[in-house]
Structures are given as C-alpha cells and as structure tokens.
Amino acid sequence: ASRTKGPLEPQARPGRPSPSAAAAAARKRALLAANEEEDREIRKLERCLGLNKRKKKGDGSSVPLSFTRDGLDYILGALEPGAGGSGLYESSGEEEQDGEDDDEDETLPESEGDLDGGCESEGDEDENVENAADEAVDPESWEEVGGGTREKRGRKRVRFAENEDLNHGSLENGDTTAQECLGDLSEKCIPPQGRPALETADVHKKAELERLKKQVKGLINRLSEPNMAFVSGQMEELYMAHSRKDVSDTLTATLMDACVTSSAMPSRLMMEHVLLVSILHHTVGIEVGACFLEAVVRKFDEVHRVGGEGKECDNLFTIIAHLYNFHVVQSLLIFDILKKLVGTFTEKDIELILLMLKDVGFSLRKDNALSLKELIAEAQAKASATGSKFQDQTRIRFMLETMLALKNNDMRKIPGYDPEPVERLRKLQRALVRNAGSGSETQLRVSWDGILNAEQMGRWWIVGSAWSGAPMIDNSHRTMPQKPLGTVSAKMLELARKQRMNTDIRRNIFCTVMSSEDFLDAFEKLLKLGLRDQQEREIVHVLMDCCLQEKTYNPFYAFLSSKLCGYERRFQMTFQFSIWDKFRDLENLPDTKFLNLVHLVAHLLKTKSLPLSILKVVEFSELDKPRVHFLRRVLTMLLMEAEAEDVSLMFSRVSSNPKLGVLREGLKLFISHFLLRPTQALRSPDKASALRERAELASRALQGRAAPRM
C-alpha cells in the first residue's frame with residue numbers, strides 16, 4: 001500500500017503545481033517579506049533620527065551636517081553605501097560599499113539558481129518527483145536557506161561593529177589631538193560646530209597679517225627724509241586699524257630685515273629708519289620703541305657672542321646709538337653696553353667702542369659726565385693691563401685719544417665727526433611730535449640686564465606690563481648690594497644704630513656718606529648704590545637727619561644736598577617736602593637743630609638749588625615767635641651773603657609768578673616790619689646799612705621793577 005501510494009498521488013491532484021515550484025515560490029515570498037520588514041524598520045529608524053526630512057536635491061544625501069562633522073556619515077555609509085558625505089572617509093566608504101556588493105552577488109544568484117533548478121526539475125525529472133517533494137518539505141533546507149541569509153546579515157553586522165570601533169577610535173584620537181592643540185585657548189574641548197569657525201578665524205588672521213606685512217614693507221621701502229611725515233602718518237593709521245602688538249611685531253621684523261645685513265648700512269639710511277621708530281614711540285606709545293629696542297638688544301647679544309666676519313654687529317650697535325640720539329632710550333643702557341665691551345676688551349670690542357663714542361660721545365658727556373669719566377678711567381686701566389697682548393697698538397691708542405678728546409670737549413680731534421645730519425633729523429622729529437608727549441618721561445630708563453631678563457622678570461619699563469620679580473619698593477632692598485656694610489667697621493655700624501638707621505637702605509646710605517672723603521666722593525658713591533624711586537628719597541631723609549644731629553653746623557651736608565638737587569629735579573621735590581615738614585615742627589626743635597636747619601635752607605636758597613617759593617607754605621598773617629626768628633635768620637643770611645644780582649633774580653622770580661601773590665606781599669611786609677626795624681640792635685653800622693640796601697633791592701625786585709646792575 002505504501003508502495004502504490006506514491007505513484008497515485010500526483011494523478012489524484014491534476015490542477016495543483018508541482019512541489020518543487022511551490023517550494024521556490026514560498027522561498028521567494030519569504031525573501032520579499034523579509035525585505036519589506038527590513039524596509040519598514042529602516043523607515044522607522046529614519047523617522048526617529050529625522051533623516052527623512054533632510055534630502056538634498058543634488059545627490060539625495062540624507063546625512064545631517066552634524067553627522068558629517070562628527071564622522072557619523074561613515075557609520076551610516078556602512079549600512080547604506082554611497083550615503084556618506086564626508087571626504088575624509090571616502091576610501092573606507094568605497095571599500096565597504098564594494099564589500100556589500102560582493103555579499104549581494106553571493107546571495108542573489110543562489111536564490112535565482114534555486115528557482116531555476118525548481119523549474120527544470122518540474123519539466124524534466126518526473127521520476128524523481130517524490131525525492132524533490134521530500135527535499136521541498138524538508139525543514140532543514142529552510143533552516144539552511146534562512147540560516148544562510150541570517151549568516152550574511154550577521155557578517156554585515158559584525159563588520160559594521162568592527163568599523164564602528166575603528167571609527168570611534170579615530171574620533172577619540174582626533175578629539176584628543178584637538179584638545180591638545182586648543183588647550184591654550186580653553187580648558188574644555190571646543191564643540192564640533194565651533195571648530196570650523198575657529199579654523200576660519202585662523203585663516204582670516206593669517207590673511208590679515210599678510211596684508212599688514214605688505215603694507216608695512218611698502219611704507220618702509222618708500223621711507224626717506226622728505227616723506228617722513230607721510231610714512232609716519234600712514235603707520236599711525238595702521239596702529240589705529242590693527243592690533244598694536246601685530247603692527248609693532250611686523251614693523252620690528254621689517255626694520256630688522258632692512259637694517260641688519262652682512263654689509264655696512266649707510267649712516268643716513270640707518271638714521272631715517274630709527275627716526276621713524278622714534279616718532280611712533282612719541283606719537284603712538286612707548287611700547288613701539290620698547291618692542292624694537294628689545295629685539296635689537298637681544299639680536300646684538302646673540303651676534304656678539306657668536307662673532308663673525310659680517311657687519312651685523314656694527315649695524316645693530318649703530319641702531320642702539322641712534323635710538324639714544326633720538327630720545328627713545330636713556331644713557332643707562334649705553335653705559336651698560338660700553339662697560340660690558342670694556343670688560344671683554346677684544347679687537348672687535350674696541351671697534352664698537354669707537355663707533356659708539358663717535359656717534360653719541362658728546363651727548364653722553366652732556367647727559368652724564370660722571371659716568372663717562374668713570375668709563376674712561378676703566379678703559380685706560382684695562383688698556384694698560386691687557387694692551388700688551390695686542391699686536392697692533394694703533395687702535396688702542398686711537399681709542400684712548402678719542403676718549404681724552406671727549407673728556408676735554410675737543411671735537412676737532414675726533415676724525416669724521418659731523419653732528420649736522422643728526423641735528424637736522426632732530427629738528428624734523430621735534431616738528432612731527434610737537435603735539436605729543438616728547439619729554440624725558442617717554443625715554444626708556446632700562447638697563448642691559450633688564451632687557452635680557454625680561455622673560456623672567458617682566459617688562460616693567462612698559463606701562464601695563466606684568467612684573468613677575470621682586471616688588472621694587474617692598475623687597476628690592478634685599479637684593480641691593482651690601483658692599484658698604486661689608487667694608488665698614490663695627491664702630492660705624494654702631495653709630496648707625498644710635499642714629500636710628502633701622503633699615504638696610506638707611507644703613508647703606510649712612511655708612512656711604514660717613515665714609516666718604518668729600519661731598520663729591522659721597523655723591524658718586526650714592527649714585528652707585530643703584531637706588532630707585534622710594535629708595536632714593538631715603539637719601540634726603542638721612543642727609544636731613546644727619547645735618548640736624550650735628551652739634552655744630554657742618555657745610556658738608558649742604559654742599560652734598562646742593563649737588564643732588566642739581567643732578568635730578570626729584571631730589572629738589574623731596575628736599576622741599578622735607579623742609580616743609582620741619583616748618584610745621586619748628587617750635588619743638590632744639591636750638592642746635594634749629595640753627596643747623598637755618599644754615600641748610602639758606603645755603604640751598606643762596607646756591608639756587610631750591611627756589612624762594614618754598615616759603616609759600618608760611619602763613620605770614622599767623623606768625624609765631626619761632627617762625628619769625630627762623631625767617632629773620634634765613635633772609636638775613638640770604639641778603640647778606642648772596643651777590644646782588646642773585647638776590648634780585650631770586651626775588652624777581654616770585655614777582656613774575658601770579659600764583660605767588662600772597663607770598664610776594666608777605667615777604668614785603670616781613671622785610672619792612674621784622675627785618676629792618678631791629679637793625680639798630682646790630683653792633684656794626686656798616687652791616688646795618690648793607691642790610692638795608694639789600695632789603696630795598698629785594699623789595700624793588702618783588703614789585704617787579706628793574707634792578708640796577710651792581
């Protein structure tokens with residue numbers, strides 16, 4: 001029965017298709033259903049991600065811009081080849097797309113072969129129908145087909161995961177690199193949407209700097225004395241339109257390229273370039289000259305240490321000299337460089353010293369004759385000690401003769417000395433900076449070591465720059481040279497302690513003054529202490545205290561005070577305020593201190609170290625006995641000991657100033673009421689008549705009348 005059942009079954013159902021065709025159709029329907037289900041899942045995920053709303057017109061790409069910036073277009077390209085929009089992963093996307101095409105080629109022909117095989121078995125193999133039917137209904141075949149499909153999908157998913165891990169790793173590396181690169185700008189990573197803006201800003205900045213460099217270079221190429229006003233005006237406009245630092249750096253680099261060459265630059269061309277820096281230094285700000293000066297000094301130090309046959313060192317040295325000629329820097333830097341060259345004293349150093357003395361020697365003598373005298377003495381000692389080492393003694397003798405000519409103010413003995421070009425350019429400078437601040441406050445008082453140590457200590461000579469070293473007032477005395485304290489005796493230190501010199505600076509000043517031979521020696525030693533600002537005021541306080549503490553008046557302090565007042569105006573102001581403090585405390589001063597103060601004030605007035613206007617704080621309407629006694633003694637000494645012309649000049653200055661009207665009337669009243677009436681008490685009639693004549697001369701000068709010539 002079982003044997004006859006098989007052959008009779010196909011004949012019992014003549015209208016139905018063969019089992020092989022039914023299996024092929026079922027497999028096809030299963031594949032189509034799986035594709036539709038997968039499409040529905042993809043559309044669902046697109047709706048969740050919002051990709052269906054971002055179709056582009058040209059290429060139909062549905063990847064958002066944020067996905068492209070974050071590198072997620074590569075991940076989506078693994079699922080849908082060709083959808084990636086990033087050029088960074090183009091090669092990887094093409095490889096993935098080729099791999100998926102190969103998978104489809106492996107899958108689709110297999111199913112088509114099954115369908116074709118089903119049709120052929122339907123037409124040609126009727127005798128094997130039973131075996132084909134058993135094959136069609138065998139569940140292992142379905143598992144094999146479905147398993148093959150699932151295996152292909154599984155391989156895709158595994159490969160996608162591997163690519164995702166690689167992509168994630170590359171993104172992490174990129175983010176780490178970006179954070180390291182942008183670590184100076186901010187502590188946290190810049191978001192992806194801000195990175196293109198930052199890159200665009202860098203591109204714009206580079207383009208702007210290139211345009212600025214071309215503009216500055218064009219102006220420098222056209223620079224000459226006739227169009228100096230035009231070029232300086234254009235540079236000021238560039239400073240107004242761009243960052244000052246960018247313009248200063250560009251100008252410095254352009255001038256260094258133009259002036260620092262291996263061949264000697266013409267002197268006139270060098271002066272014109274430095275004159276432009278000087279004009280901008282006075283009109284724009286001192287940071288212009290400070291930036292250029294620092295670059296030149298650092299370059300000179302580097303070239304001088306290395307040496308060489310070229311003229312770069314000479315050109316840099318000439319630039320520094322002309323920066324001093326055109327009032328960009330004070331003489332402190334020039335003397336520091338000259339002392340450094342005298343210390344090394346090689347043949348090249350001798351040439352540089354001669355070059356500097358030829359350019360600015362007489363200006364140095366005018367500004368600081370004392371330092372120039374010390375430099376000449378040091379050079380003579382160095383030449384006598386090491387001069388025998390040189391084969392050619394001509395340059396050393398010529399240098400010493402030049403220094404001697406400077407010392408004697410003899411311009412004829414300096415060959416090739418011509419101050420006319422510098423003076424002509426100085427006149428042009430004064431004409432161009434007439435409305436700007438061109439006083440001594442714009443000159444940079446900076447030393448050689450201060451410039452070279454600017455990175456560690458800060459650029460304190462520029463207003464607003466940071467200062468990272470020790471404070472200049474509070475702790476700078478700790479770094480002051482302790483040389484006086486190490487060379488004086490214990491007796492001197494004990495005397496300083498008794499005089500209540502309770503700080504290191506005051507003890508240094510006291511020991512320096514007390515150990516000096518005369519007031520000139522004391523003046524030189526005080527300047528060598530290197531005190532600044534607040535510390536310099538301690539010199540005046542110590543001198544006033546020592547002068548008043550003397551049992552009898554010692555003119556040493558008066559002459560030293562007069563020398564300091566003639567050296568710098570700030571000493572005049574400090575002495576004036578100190579004397580005003582003593583005015584307020586006259587009734588409490590002992591007789592010895594009182595008389596010493598009278599002699600000190602009279603000497604400073606008589607030598608014109610201080611003007612007569614220091615008496616403007618005296619209230620002549622409310623004079624008490626100590627103040628009347630003090631003014632009577634001071635005016636008597638001033639009128640009797642000074643020359644007649646000096647008396648007339650001192651009192652006429654009070655009359656010519658309208659702000660000193662109260663002082664003028666008070667002095668006239670005091671001279672007539674307190675100074676002339678007690679003259680009958682004087683022992684000598686000659687002194688009384690001389691005092692009366694001088695008092696009348698002072699009264700006429702106070703009224704503004706012309707004083708007769710004596």
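**Salt bridges, surface charge and cysteines in the predicted model**

Glutamate 272 is buried, its relative accessible area being 6%. The structure described here is a predicted model, and this glutamate serves as the point of entry to its ionic contacts. Glutamate 272 forms a salt bridge with arginine 268, with 3.5 Å between the closest N and O atoms. Both residues belong to helix α11, where a spacing of four residues places them about one helical turn apart. In contrast to its buried partner, arginine 268 is partly exposed, at a relative accessible area of 44%.

Arginine 268 also meets the side chain of glutamate 225 in a salt bridge, at an N to O distance of 2.7 Å. Glutamate 225 is located in the loop between α8 (195-221) and α9 (228-241), whereas arginine 268 is in helix α11 (residues 267-283); the pair therefore ties together parts that are 43 residues apart in sequence. With a relative accessibility of 17%, glutamate 225 counts as buried because it falls under the 20% limit. These contacts belong to a network of salt bridges that links Glu225, Arg268, Glu272, Glu420 and Arg424. In total, 23 salt bridges were counted.

Another salt bridge joins glutamate 374 to lysine 528, the closest N and O atoms lying 3.9 Å apart. Here the partners come from helix α16 (residues 369-386) and helix α24 (residues 519-528), respectively, so the contact ties together parts that are 154 residues apart in sequence. Glutamate 374 is partly exposed, with a relative accessible area of 24%, while lysine 528 is exposed, with a value of 59%.

Charged residues also form patches on the surface. A patch of negative charge comprises Glu36, Glu37, Glu38, Asp39 and Glu41. Of these residues, glutamate 37 lies in helix α2 (residues 19-49) and is exposed, with a relative accessible area of 51%. A positive surface patch consists of Arg40, Arg43, Lys44 and Arg47. Lysine 44 is likewise found in helix α2, and its relative accessibility of 51% classes it as exposed.

No disulfides were found in a search of the whole structure. Cysteine 547 takes part in no disulfide, and the nearest cysteine sulfur, which belongs to cysteine 546, is 8.8 Å away. As a disulfide requires two cysteine sulfur atoms within 2.5 Å, this separation is outside the cut-off. Cysteine 547 is buried, at 1% relative accessibility. Cysteine 511 is buried as well, with a relative accessibility of 0%.

Positive phi values occur in two loop residues that are not glycine. Histidine 327 has a phi near 65° and is placed in the loop between α13 (312-325) and α14 (331-344); its relative accessibility of 32% makes it partly exposed. Lysine 608 has a positive phi of about 60° and occupies the loop between α28 (591-606) and α29 (625-641). Lysine 608 is partly exposed, with a relative accessible area of 37%.

Finally, alanine 258 is located in helix α10 (residues 244-259) and is partly exposed, its relative accessible area being 29%. Alanine 258 and leucine 269 are separated by 11 residues in sequence and by 9.9 Å in space, C-alpha to C-alpha.

Note on methods
Residues numbered from 1 in each chain as written. Predicted model: local features only at pLDDT ≥ 70, side-chain atom pairs only at ≥ 80, totals over all residues. Heavy atoms only, no water. Patch = residues over 30% accessible without salt bridge, like charges linked within 9 Å, V, L, I, M, F, W, Y side chains within 5 Å. Areas by Shrake-Rupley, 256 points an atom, 1.4 Å probe, with all protein chains shown as cover. Salt bridge = Lys/Arg side-chain N within 4 Å of Asp/Glu carboxyl O. Lys, Arg positive; Asp, Glu negative; His and termini not counted. Charge placed at Lys NZ, Arg CZ, Asp CG, Glu CD. Buried < 20%, exposed > 50% of the residue type's maximum accessible area, 1.4 Å probe, protein only.
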